[in-house]
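Here are my notes on the model, point by point. Please read them with the structure open.

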There are 2 protein chains.
Amino acid sequence: MGAMDNGEMSNPRSVQRATAPTIHDVAAAAGVSPMTVSRVLGGGKNVRPEKIRAVLDAVAALGYRKNENARSIRPGQRTGLIGVIITNVANPYYAQLQLGAEEVLAGGGFRMLVGNSGEDADRERVLVHDFVGRQVDGLIVVPSGTVSDHLETERVGGVPLVLASRRIEGLATDTVLIDDVAGAFEGTRRLLAEGHTRIAYVGNIKSIFTSRRRLDGFTRAHLTAGLPVDPALVRVGQNDPDAARRAMLELLEVPDPPTAVFSENNRNTVGVVRALTEKRVPADRMRLMGFDDFELSDMIPFPLTVIDHDARELGRTAAQMVVARLNGVADGLAPQQVQLPTTLAD
Amino acid sequence: MGAMDNGEMSNPRSVQRATAPTIHDVAAAAGVSPMTVSRVLGGGKNVRPEKIRAVLDAVAALGYRKNENARSIRPGQRTGLIGVIITNVANPYYAQLQLGAEEVLAGGGFRMLVGNSGEDADRERVLVHDFVGRQVDGLIVVPSGTVSDHLETERVGGVPLVLASRRIEGLATDTVLIDDVAGAFEGTRRLLAEGHTRIAYVGNIKSIFTSRRRLDGFTRAHLTAGLPVDPALVRVGQNDPDAARRAMLELLEVPDPPTAVFSENNRNTVGVVRALTEKRVPADRMRLMGFDDFELSDMIPFPLTVIDHDARELGRTAAQMVVARLNGVADGLAPQQVQLPTTLAD
DNA sequence: CGTACCATTGATATCGATACCAAGAAAGTG
DNA sequence: CACTTTCTTGGTATCGATATCAATGGTACG
């Protein structure tokens, strides 16, 4: 809008984007064939030193960069790309997972294509499809649901797949999990050992793999202790602090209210703490046990023990499993199932 | 080592990985030419309905997926990849930035190649080089230092580049920043208005763009109020909670100690709080002001005000700027400089 | 019914890089 | 010095997909 700037428009060259130099341009500049350039950049075996220098000079002069996509279409050539699909990067837990995977992958010369599924199975399907179309060498997925057909197909397509944090029943593929059941069992057992008999549970719906397992550990600990789980004290379906906060507010109104709360993940723990603070519940009236550690958990003005685990290690392990399949180290091995331990931290 | 498993070795087919079907396989299965398949998958204009159906059936039957890398080597074809280079995903602030970028990019059909520079300029250089070699359509970078030569070159190479969170002096390219100076100024002014005259500063080294700017705002607020900044109260060089904790412990031993602390980012705020808790400083004896909000900041047992800003919006904006350049919307426009506002939150 | 026009289809060339092969140069052997 | 061996080098074909063009087939209109 306003006045046209004719001065700029009259010089199309200023807008024209120079096309990137190709191997042919380098060859021409160095006075050799493209094949020789390819050899030099591929290690320089069986090439005269003077030609090597001429090629490298030409590369530097032109600012040449190999087109990785063109290279990778030749059969047998890898892209060096690993697709990583996470349900939610904003959750520090998954950010750590991503970081751990990056650590290992970058060390092996791989790059990450990262996608956020947002717990949406359709979106996950689209991402997997797209990533495979981009010829990723491997996939690390935190599956968002129990549907696995798109992952099955991919596995048949031959791309090594590692599931992280959650398993899909009936899908035989490498998997790294946190030992949710044992962690929740130990945490709950601690509360029971302290004498609590009315322990509330606040967590996500059972269709989420980890949530189901944690509730399972919670329940088993009660069974082992010969105590019933009061359904009135179990609230599932929350995955953000605010929903958890409301669930906890309701729990405070239950007749014969709980003396302790087991929260199934850090989102829920935060919500529980907010509710307790809001209602000014005295610190010595509510004992907390939360799955997942989180920053400043030691600042919480309530007796809180967290069931800690190493998300970064989870990412590292998942990446190592993919790389192992790619290097043929795991050739012929059945799908691996790894469970990482948890620790109780006061 | 060990016994050879001859049974498995004798059947190479069981190990052989089926090569992915190509457009030729689909064409053969559908009884048409590869060109017709390409047309169908490209929108299906000017193709007989029956052939469209035949092609789509063949695609479904073979589980065919277009090879995006092969497609993108044709001149003028985009890869749909955007390179995102972050200094540290484990920092929730940058995780949010990544999430915001993803939101916008996924909506535009782009995928993200994500790299972690770890505040290392060399690693950043490698990542940029690699990403450009993978033919990314655009780059979003949180620069780790003040060196810009690798970014300059890339800009000339024609790939749209957006800097996020930090600027590089002398590099004319699209940039989105938080208004650090104004934020730090306002925060400090608030402390001064409350009557504090000895305010400590805990933050990272001045070579980090944002750190420099925040210290600048802190200093300007003092100047405006006609008060000096006591060098003994300024501690720079910390970027993790533990270093900040130690810095704060030292500050508590200074003669005529501070009555308030300005912490330059959430890492430092956490460290400061830890030191205060450790030394059992009474809540009413130390006023806190911290740049960056963080989860549970309202649970801190000290009067804390945070200088809040929207990292996710930062990521969204950066992505929108890249997309604008790619769509030609920003053609001919000078490099944009956007500053996002901060708010004080008690 | 003939000509002009458009829809439909495939053959060919090309993108950038590399595997393979063959030709020529250099070096080693008797 | 003749001959074999090894080293260098470039030509050609190919990876998977698509732009271009030419050759069909069909339809419309006078």
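**Notes on the protein–DNA and chain–chain contacts**

1. α3(B) gives the surface near DNA strand C its largest share, 3 residues. Near means that a residue has a heavy atom within 4 Å of the strand. Helices (H or I, at least four residues) and strands (E, at least two) are DSSP runs, numbered from the N terminus. At least two residues each come from α3 (34-41) and α5 (68-72) of chain A and from α3 (34-41) of chain B.

2. A word on the basis. This is a predicted model, in which local features need pLDDT of at least 70, side-chain atom pairs count only at pLDDT 80 or more, and totals for chains, interfaces and linings use all residues. Residues are numbered from 1 along each chain as its sequence is written, chains are lettered from A and ligands numbered from 1 in the order in which they are written, and side-chain values use heavy atoms, with hydrogens and water left out.

3. Which residues come nearest to DNA strand C? They are A:I23, A:Y64, A:R74, B:T36 and B:R39, out of 26 around the strand. Sugar and phosphate make up 67% of the strand C atoms that come within 4 Å of the protein. By class, the surface near strand C has 10 nonpolar, 7 polar and 9 charged residues. Here Ala, Val, Leu, Ile, Met, Phe, Trp, Tyr, Cys and Pro are nonpolar, Asp, Glu, Lys and Arg are charged, and the others, Gly among them, are polar.

4. Now the phosphates of strand C. The side chain of A:Y64 places an N or O atom 2.6 Å from a phosphate oxygen of DNA strand C. For the side chain of A:S38 the distance is 2.7 Å. B:R48 uses a polar backbone atom, 2.9 Å from a phosphate oxygen of this strand.

5. DNA strand D has 25 residues around it, and the closest are A:T36, B:I23, B:S38, B:Y64 and B:R74. Sugar and phosphate again account for 67% of the strand D atoms within 4 Å of the protein. A backbone N or O atom of A:S33 lies 3.1 Å from a phosphate oxygen of strand D. The side chain of A:N46 has an N or O atom 3.3 Å from one. A polar side-chain atom of B:Q77 is 3.4 Å from one. The elements giving two or more residues to this surface are α3 of chain A and α3 and α5 of chain B. α3(A) has the largest share, 3 residues.

6. How much area is buried between chain B and chain A? About 4,900 Å², with 52% from carbon and sulfur atoms. Buried area is the accessible area (1.4 Å probe) that two parts lose on being put together, summed over both. B:R65, B:R111 and B:R134 supply 16% of what chain B buries against chain A, more than any other three residues. The contact (heavy atoms within 4.5 Å) takes 55 residues from chain B and 55 from chain A.

7. Chain B and chain A share 8 salt bridges. The term means a side-chain nitrogen of Lys or Arg within 4 Å of a carboxyl oxygen of Asp or Glu. One salt bridge joins the side chains of B:E102 and A:R123 (3.6 Å, N to O).

8. Strand β2 (residues 111-116) of chain A pairs with β2(B) in the antiparallel sense, over 3 bridges. Pairing requires at least two bridges found by DSSP between the strands. A:M112 stands opposite B:V114 in β2(B).

Terms used. A polar contact is a pair of N or O atoms within 3.5 Å; within protein, one must be able to donate a hydrogen and the other to accept it, and residues adjacent in sequence count only if both atoms are side-chain atoms.
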